[in-house]
Amino acid sequence: MLHILLSIAPIFVLIVLGHLLRRGGIPSLEFWNLNDRLVYWVLMPALLFNKTSTIELQPSVVGAYAVVILGAFAAAALFGLLSAKALGLPGPVASSILQGSARHNTFIALAVAERLYGTDGLAIAAVATSLLIPTTNVTMVTLMVSLVRGADEKRILRSILRDLARNPLILSVGLGVAWNVLGNGPIPVVHDVTRLLGDAALPVVLLCVGANIHVRAMAASALPLLLSSLGKLVVFPLAIVALAQVMELSETETLVALLFGAVPTASSAYTLARQLGGDAPLMAAIVTVQTGLAFVTLPLTMAIAAQILG
């Protein structure tokens, strides 16, 4: 437990530092807005392309991982959707509970995977990312549009699908997997550049995660916060462990997969809630609360799982 806590602690220190820097206006608010774009369009795509294009892809492992990761994602999404519906909560609130239950912060998961399990763990996490990013985006958009009936749903769907088609994270994963399958090996200069950019991605993105935390947004209804946190921090991890046992994943493969269930929901969920007419203030509160809870729940979850699996 102490080893895991000490290993993960620097990640959360960077998140807190990012929050304090933004609140202090260091170097400026404009810097953090531009930094988000740098991470989204350059640093993370470089990291994902480099890892997915060079990792040794074994069809049997990828297939088992798909069952575990996507099965657990479906379980968390169903929990969020059905619990909100059972309580008769309005569509915008239900959409935020859905996102809070099933989305994941890719950046924190990748950072922790590298911190705990080195380059092998980061490579395995890249496989999980390549499975989850397109599935999560398409599923969330489809379900949210059905929950939040907009004035022009067809226009919204066309716009979102267009955005998905040019999403740099999806494109980088697709290009990386395609190049990997072709088996041509690293591209001179290109892989060197993407490796260097990828090395910068995780520390910078953790600062950005902290910069996007809004403590004032926590004044929201307790019930949606509770439901979304149960879905994300309890249902998702439990489903991953259960399915990993069924699919006979190795200990490291299981623990890396577990990270995607144990990390808080994605900060980008707030943007999607705002874009599709969801309850954006509630979504901001869910992101903030889960990130705060993860300071305790993430190392605890990983320590318990490592003890059981070991």
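Axes here are lines fitted to C-alpha atoms, for helices over the stretch in contact, and angles run from 0 to 180 degrees between N-to-C directions. Helices are DSSP runs (H or I, at least four residues), numbered from the N terminus.

You are looking at a predicted model, so local features need pLDDT of at least 70 and side-chain atom pairs count only at pLDDT 80 or more, while totals for chains, interfaces and linings use all residues. Residues are numbered from 1 along each chain as its sequence is written, and side-chain values use heavy atoms, with hydrogens and water left out.

**Stop one: α10 and α12**

Select helix α10 (residues 251-262) and helix α12 (residues 280-309). The axes of α10 and α12 come within 10 Å and cross at roughly 155 degrees. That makes the pair roughly antiparallel (angles over 145 degrees; under 35 is roughly parallel, 65 to 115 roughly perpendicular, the rest oblique). The crossing is right-handed, meaning that the near helix is turned clockwise from the far one by less than a right angle; anticlockwise would be left-handed.

Now show side chains. From α10, pick Glu-251, Thr-254, Leu-255, Leu-258, Leu-259 and Ala-262; on α12 their partners in the contact are Leu-298, Thr-301, Met-302, Ala-305, Ala-306 and Leu-309 (contact is heavy atoms within 4.5 Å). By class, that contact has nine nonpolar, two polar and one charged residues. Nonpolar covers Ala, Val, Leu, Ile, Met, Phe, Trp, Tyr, Cys and Pro, charged covers Asp, Glu, Lys and Arg, and the others, Gly among them, are polar.

**Stop two: α4 and α12**

Keep α12 on screen and add helix α4 (residues 91-102), which packs against α12 at about 25 degrees with the axes 9 Å apart. The two are therefore roughly parallel, and α4 passes α12 in a right-handed crossing. Val-93, Ser-96, Ile-97, Gln-99 and Gly-100 of α4 meet Leu-282, Met-283, Ile-286 and Gln-290 of α12. The split here is five nonpolar, four polar and no charged.

**Stop three: α2 and α8**

Next, select helix α2 (residues 29-54) and helix α8 (residues 190-211), packed at about 135 degrees with axes 7 Å apart. This pair is therefore oblique, and its crossing is left-handed. Its contact residues divide into 18 nonpolar, seven polar and two charged.

Zoom in on Val-39, where α2 has a kink of about 45 degrees (the bend is the angle between axes fitted to the seven residues ending there and the seven starting there).

**Stop four: two loops**

Most residues other than glycine have a negative phi, and most peptide bonds are trans. Go to Pro-27, in the loop between α1 (2-23) and α2: the peptide bond from Ile-26 to Pro-27 is cis, with omega near -10 degrees. Finish at Val-189, in the loop between α7 (168-182) and α8. Val-189 has a positive phi of about 75 degrees, though it is not a glycine.
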